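Me: Please take a close look at one helix for me, and at what surrounds it. Then move on to the charged pairs and to how far the model can be trusted.

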Amino acid sequence: MVESVVRSAFILVTCQRRAEGAVKAELARRWPMLRLAFNKPGFLTFKCASGLLTSEMELNAVFGRAWALSLGPIEGQSPRERIEQLWKMIPGVPIARVHVWPVDPLPVGDYDFEPTLTPEALELHRLVISACPQPGSLAPDAGDPWACGRKGEWVLDCVLLEPDRWWLGIHRVRDFVSQWPGGLIPLKLPAGAVSRAWLKMEEALRWSQLPIRPGARWVELGCAPGGSSQALLERQQQVLGVDPAEVDPRILAQPGFTHLRRRISGVPRRLLRKVRWLAADMNVAPNYTLQVVESIVQHRLVSIRGMLLTLKLLDWSQAERVDEYLERVRSWGYNQVKARQLQFNRQEFCVAALQRPFRRKPIPDLARARRFKKLIHSPKGKPTEPPGLAPDSEECSSP
């Protein structure tokens with residue numbers, strides 16, 4: 001019987017360039033037994049000072065894009081020499097698929113760089129698969145470098161550090177991120193996207209796996225020029241976008257989109273009473289974003305079930321306060337909160353929060369409701385509901 005757990009004294013971690021310090025500080029807080037062993041831009045290895053690490057551990061590193069148990073470096077005169085060494089270093093587990101990916105050559109966004117698999121990585125993946133000494137253990141779709149891994153599968157990791165130097169690792173598929181090579185998902189900016197915010201929202205939706213139904217209502221803070229809203233609209237969501245800046249005409253023309261061209265402080269909270277989801281991506285400090293979001297989700301008339309928040313790090317030192325930011329979100333009643341620096345994030349990270357089971361806030365009593373009714377009506381006696389929102393189509397009480 002094959003061992004279900006692999007042990008090693010070392011792990012490897014890949015991240016975006018310039019996030020190395022954040023990874024070191026984060027692992028020092030969460031895993032004090034780890035000691036930095038080797039690092040270069042976008043790549044780090046750590047040694048466990050108190051024994052062996054197992055393939056079943058959960059690293060929970062916000063700024064670590066991917067991680068694996070380290071098997072060590074490989075050097076050789078040619079790719080074929082290195083591939084021969086590679087298959088001799090595998091512990092006694094059935095390798096179902098191979099992940100080959102490069103370290104980021106640039107920080108995300110510099111010179112329009114977006115992390116993905118390079119042609120070199122794709123070709124090396126083909127060569128490694130073709131040289132597998134036990135092809136019977138490979139998954140049927142192992143030849144596809146972008147194939148999604150299945151939970152429990154053993155994956156051989158090959159990180160391309162330099163043209164003549166690779167670093168090997170091994171991991172077991174355990175969650176959404178570990179399904180993909182280097183935590184990179186096959187996502188490209190569509191030709192008709194109004195901004196790269198489309199990439200961030202689409203990746204956030206896939207990673208967070210929030211239980212969102214078609215026709216769900218969103219409020220998006222900082223929506224201009226509309227890339228994130230566009231990703232939501234393509235999923236048949238209804239979006240109330242709040243931003244004093246202009247939104248692309250193509251987004252304004254969508255029937256499921258309503259633009260409130262004002263600051264969030266000027267938006268009556270009654271307009272949000274049927275909204276169940278919130279997204280925020282504002283170019284301000286994390287505490288300011290959280291303060292604005294708190295003013296909404298804590299309001300007695302607003303019942304937000306889940307959120308996707310992009311928190312900007314104006315300085316990398318703010319990365320050390322991630323746990324503080326997440327605890328603040330939990331204090332609002334969200335019991336499922338996680339964070340990750342997404343593939344398409346720059347100097348920022350994403351927070352996904354969900355209240356499960358969802359508890360809609362009670363309707364105010366009759367006397368208060370009458371007073372409120374007088375306040376929300378326009379001078380002509382007509383309520384000022386935002387245009388473009390269809391009747392509520394989402395169950396509010398189910399998880």
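Reply: The helix comes first, then the cores, the salt bridges and the confidence scores.

This is a predicted model, in which local features need pLDDT of at least 70, side-chain atom pairs count only at pLDDT 80 or more, and totals for chains, interfaces and linings use all residues. Residues are numbered from 1 along each chain as its sequence is written, and side-chain values use heavy atoms, with hydrogens and water left out.

Start with helix α7, residues 286-297. Helices (H or I, at least four residues) and strands (E, at least two) are DSSP runs, numbered from the N terminus. The expected span of a helix is 1.5 Å times one less than its number of residues. For the 12 residues of α7 that gives 16 Å, and the end C-alpha atoms are 16 Å apart, which agrees.

Which residues of α7 are buried? They are Pro286, Thr289, Leu290, Val292, Val293, Ile296 and Val297. Buried means under 20% relative accessible area, exposed over 50%, and partly exposed in between (1.4 Å probe, protein chains only). Down the axis of α7, the buried residues fall within an arc of 160°, so they line one face of the helix. That arc is taken from the directions from the helix axis to the C-beta atoms. The cover over these residues includes β10 (217-221), β13 (277-281), β14 (306-312) and α8 (322-330).

Now follow Met307. Its contacts (heavy atoms within 4.5 Å) include Val293 and Val297, along with Leu278, Trp332 and Val351, leaving aside residues up to four places away in sequence. Met307 is also one of the residues that touch the most other members of the largest nonpolar core, which has 82 residues. Trp87, Leu221, Leu278, Leu309 and Phe349 are the others. A nonpolar core is a set of buried Ala, Val, Leu, Ile, Met, Phe, Trp, Tyr and Cys residues joined through side-chain atoms within 4.5 Å. A second, separate core holds 32 residues, including Leu205, Leu308, Cys350 and Leu354. In soluble globular proteins, nonpolar side chains tend to be buried together.

Helix α8 leads to the charged pairs. A salt bridge is a side-chain nitrogen of Lys or Arg within 4 Å of a carboxyl oxygen of Asp or Glu. The count comes to 25. Asp323 and Arg30 form one of them, at 2.8 Å, N to O. This pair joins helix α8 to helix α1 across 293 residues. Asp323 is partly exposed at 33%, and Arg30 is partly exposed at 29%. Both belong to a salt-bridge network with Glu26 and Arg29.

Two further pairs also link distant parts of the chain. Asp110 pairs with Arg18, with the closest N and O atoms 3.5 Å apart; the two are 92 residues apart. Asp110 is partly exposed at 24%, whereas Arg18 is exposed at 52%. Glu56 pairs with Arg172 at 3.9 Å. Here a loop between β5 (53-54) and β6 (66-75) meets strand β9, 116 residues apart.

Last, confidence. The pLDDT, the predictor's confidence in each residue from 0 to 100, averages 89 over the protein, and 90% of the residues score at least 70. Among the elements, strand β16 (residues 348-354) has the highest mean, 98, and helix α9 (residues 366-376) the lowest, 55. Over residues 380-385 the pLDDT is below 50, and it stays under 50 over residues 387-399. Where pLDDT is low, the predicted coordinates should not be read in detail.
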